Amino acid sequence: MKDRLPTLIAIMLLLALVAGTWWAADYTQRSIPIEAARRLTHEPDSWAERFVMLRTDAQGVAANRMEGDHMLHFPDDDSYEVTRARAVGQRAGTPVTVGTSDIAIMDQDGQRITMRGNAKLHRAADAEREAMDVSSEELILLPDDNRAYTDLPAKVVHGKSVMHGTGMQYDNNTRQLRVLSASDVKISSQDTQQGRRDRPPQASDAKP
């Protein structure tokens with residue numbers, strides 16, 4: 001029995017040490033409040049008034065510009081909501097485009113801009129073509145691709161020609177306009193005489 005006594009004492013001390021360590025760890029966790037992980041919701045985390053945001057191309061030249069009266073940033077999807085938005089595309093070799101709307105949502109790292117409420121897209125005139133204006137309740141701009149589209153009814157004005165249709169796609173690189181379903185087309189004689197190179201928009205493919 002005397003030979004086993006030191007062993008028993010050592011085991012008891014070891015058990016006491018383990019129990020004391022467990023109690024200390026549990027007491028520490030209970031005494032220090034631990035905040036739960038922050039849940040991301042669609043609530044703004046920052047804002048700005050009368051702001052301007054520029055995006056540059058690979059050469060560092062400003063290619064796109066977004067401005068508005070008020071901006072909110074939402075961290076859950078890294079999107080921006082812009083009030084009284086104005087989006088300008090100014091890529092070299094293509095006409096300048098200006099999109100305006102009551103509200104704009106910019107997401108996908110700035111690769112998509114959804115213009116909502118009195119949405120309008122103006123393509124400036126150049127040496128070969130007259131200005132073109134597209135209006136709808138919603139227009140989707142793809143700044144990196146230099147394109148715009150909508151699935152809603154839209155009105156296209158090119159020179160003195162006017163067209164109403166549903167569903168529109170415009171590529172500013174090729175100047176090609178496609179209207180999926182045209183309901184009313186009024187082409188002026190002046191636009192007709194300009195020829196195929198500068199013809200007004202039509203219901204299939206057009207190059208206004």
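Is Asp-109 buried or exposed? In this predicted model, Asp-109 turns out to be exposed, with a relative accessible area of 60%. The residue sits in the loop between β4 (97-107) and β5. Its backbone stands out too: Asp-109 has a positive phi of about 55 degrees, even though it is not a glycine.

Stepping back to the whole chain, there are 2 helices and 10 strands. Read along the sequence, these elements come in the order α-β-β-β-β-β-β-β-β-β-α-β. The chain has 208 residues, and 33% of them count as buried.

Asp-109 also belongs to a charged group on the surface. Together with Glu-43, Asp-45, Asp-76, Asp-77 and Asp-78, Asp-109 forms a negative surface patch. One of the members, Asp-78, is placed in the loop between β2 (62-74) and β3 (79-89). Asp-78 has a relative accessible area of 39%, so it is partly exposed.

Two members of this patch share a partner, His-73. This histidine lies in strand β2 and, at 11% relative accessibility, counts as buried. The label follows because buried means under 20% relative accessible area. On one side of the story, the side chain of His-73 is joined to that of Asp-45 by a polar contact of 2.8 Å. On the other, the His-73 side chain makes a polar contact of 2.7 Å with the side chain of Asp-78. His-73 in β2 thereby has a side-chain contact with Asp-78, a residue of the loop between β2 and β3.

Now for the salt bridges. The structure holds 9 of them. In one, Glu-67 pairs with Arg-86, and the closest N and O atoms are 3.9 Å apart. This pair links distant parts of the chain, with Glu-67 in strand β2 and Arg-86 in strand β3, 19 residues apart. As for cover, Glu-67 has 18% relative accessibility and so counts as buried. Its partner Arg-86 has a relative accessible area of 36%, which makes it partly exposed.

Another salt bridge brings together the side chains of Asp-107 and Arg-112, with an N to O distance of 2.7 Å. Here Asp-107 counts as buried, at 12% relative accessibility. Arg-112, with a relative accessible area of 27%, is partly exposed. Strand β4 covers residues 97-107, and strand β5 covers residues 112-123. Asp-109, the residue this passage opened with, is in the loop between those strands.

Strand β5 takes part in a further salt bridge through Arg-116. How far apart, N to O, are the side chains of Glu-138 and Arg-116 where they meet in a salt bridge? The distance is 3.1 Å. Glu-138 lies in strand β6 (residues 132-142) and Arg-116 in strand β5, so the pair ties together parts that are 22 residues apart in sequence. Glu-138 counts as partly exposed, at 25% relative accessibility. Arg-116 is partly exposed as well, with a relative accessible area of 42%.

Salt bridges also join up into a group: Arg-50, Asp-69 and Arg-84 are linked in a network.

Further along the chain comes the loop between β8 (161-171) and β9 (176-186), where Arg-175 is found. Like Asp-109, Arg-175 has a positive phi without being a glycine, in this case about 65 degrees. What about cover, though: is Arg-175 buried or exposed? Arg-175 is buried, with a relative accessible area of 12%, whereas Asp-109 is exposed.

That loop between β8 and β9 holds Asn-172 too. Asn-172 has a relative accessible area of 1%, so this residue is buried. Which backbone oxygen lies 2.9 Å from a polar atom of the side chain of Asn-172? The oxygen is that of Pro-95.

Terms used: Residues are numbered from 1 along each chain as its sequence is written. This is a predicted model: local features need pLDDT of at least 70, side-chain atom pairs count only at pLDDT 80 or more; totals for chains, interfaces and linings use all residues. Side-chain values use heavy atoms; hydrogens and water are left out. Patches are made of residues with over 30% relative accessible area and no salt bridge: like charges are joined within 9 Å, nonpolar side chains (Val, Leu, Ile, Met, Phe, Trp, Tyr) within 5 Å. Accessible areas come from the Shrake-Rupley method with a 1.4 Å probe; for residues, only the protein chains shown count as cover. A salt bridge is a side-chain nitrogen of Lys or Arg within 4 Å of a carboxyl oxygen of Asp or Glu. Lys and Arg count as positive and Asp and Glu as negative; His and the chain ends are not counted. The place of a charge is taken as NZ of Lys, CZ of Arg, CG of Asp or CD of Glu. Helices (H or I, at least four residues) and strands (E, at least two) are DSSP runs, numbered from the N terminus. Buried means under 20% relative accessible area, exposed over 50%, partly exposed in between (1.4 Å probe, protein chains only). A polar contact is a pair of N or O atoms within 3.5 Å; within protein, one must be able to donate a hydrogen and the other to accept it, and residues adjacent in sequence count only if both atoms are side-chain atoms.
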